[in-house]
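Please look over the sequence and the model before reading the exchange below.

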Amino acid sequence: MGYEIFGNDITELHSEPSRETELQQEKPKVENNRLEGRNAVLEAIKAGRTIDKVYIQDGLRDGSISAILSKLKGTGTSVSFVKKQRLDMMSETGHHQGVIAQTTSYEYAELDDIFELAKKKGEPPFVIILDEIEDPHNLGAIIRTANISGAHGVIIPKHRATGLTATVVRASAGAVNFTPVVKVTNISKTIEELKLRGLWFACADMDGEIMYNCNLTGAIGLVIGNEGSGVSRLVKEKCDYIVSIPMQGQIESLNASVATGILAYEIVRQRLKR
């Protein structure tokens, strides 16, 4: 029996086929974005590469395997425990050490790409910065919203957040092909850098000023926090003002992607009103 780890959740998978005829199937095509071996996979994760899926030999739970699983938590990476025969068929090197990973095939943009896009459109820069968004469906939906609302790019952190996994790409409905996504090491320092380039930053928080009362025009960065804990204290301190969405019901919070959509379109409304 196998298990699937998606974000922080683990769900049971169907058992791997054990019939010999199943093992005689055609060997999967080897791709350039496949990693084999424990060290190769672990170092790729440490370096901030986005991993779509990891296959681990069923029954392995030693130190290096535990380290890989620990670092993948909250990244949106799918993890499947499979039989050794399955890994043997997938392996090109023959030395997979019980671990094979599939990395993303999408390339990240640079900060300059965001400014180039804004310049091309003749608009003040509008970026969406995500502080440790872990759900790949949320990230995909936010990238889709960013594209439709006219944002010139999305910025995500290298660690403790999901990257451009296959799930994110699907959820974005193709928006990743048009909206620059930049991965940075430190969100706080990136905000400081962007301030020097003329941007002001609005942080989404329930305790902030109602969005209708805030000036969200001009060159602006909208900061959205983690699904559970919100924007971190250090990042919030770098922002110029805190904005909130008026709540009229009994539930006190919104899904991160929904909140992004509401605030992004308040920015659109204010820009159109000028």
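The exchange below goes through confidence, the sheet, the cores and two loop residues.

This is a predicted model, in which local features need pLDDT of at least 70 and side-chain atom pairs count only at pLDDT 80 or more, while totals for chains, interfaces and linings use all residues. Residues are numbered from 1 along each chain as its sequence is written, and side-chain values use heavy atoms, with hydrogens and water left out.

Student: What pLDDT does the protein average?
Tutor: The term pLDDT is the predictor's confidence in each residue, from 0 to 100. Over residues 1–31 it stays under 50, although 88% of the residues score at least 70. The protein averages a pLDDT of 86.

Student: Which strands stand at the edges of the open six-stranded sheet?
Tutor: Helices (H or I, at least four residues) and strands (E, at least two) are DSSP runs, numbered from the N terminus, and two strands pair if DSSP finds at least two bridges between them. The sheet has the order β9-β8-β7-β11-β10-β12, with parallel pairing. Two strands have a single partner each, so one side of each is left without a neighbour in the sheet; these are β9 (181–184) and β12 (241–244).

Student: Which residue in β9 is the bridge partner of Ile 156?
Tutor: The strands β8 and β9 run parallel and are joined by four bridges. Within β9, the bridge partner of Ile 156 is Lys 183.

Student: Which element gives the most residues to the largest nonpolar core?
Tutor: A nonpolar core is a set of buried Ala, Val, Leu, Ile, Met, Phe, Trp, Tyr and Cys residues joined through side-chain atoms within 4.5 Å, where buried means under 20% relative accessible area, exposed over 50% and partly exposed in between, with a 1.4 Å probe and protein chains only. The largest such core has 32 residues, and Phe 126, Ile 128, Leu 130, Ile 143 and Leu 263 have the most contacts inside it. Among the elements that give two or more residues to this core are β7 (126–130), α5 (136–148) and α9 (256–273). With five residues, the element that gives the most is α9.

Student: Is Arg 160 buried or exposed?
Tutor: Arg 160 lies in the loop between β8 and α6, and has a positive phi of about 60° although it is not a glycine. Because its relative accessibility is 58%, Arg 160 counts as exposed.

Student: Where does Ala 173 lie?
Tutor: Most residues other than glycine have a negative phi. Ala 173 is not a glycine, yet has a positive phi of about 55°. Its place is the loop between α6 and β9.

Terms used:
Contact means heavy atoms within 4.5 Å.
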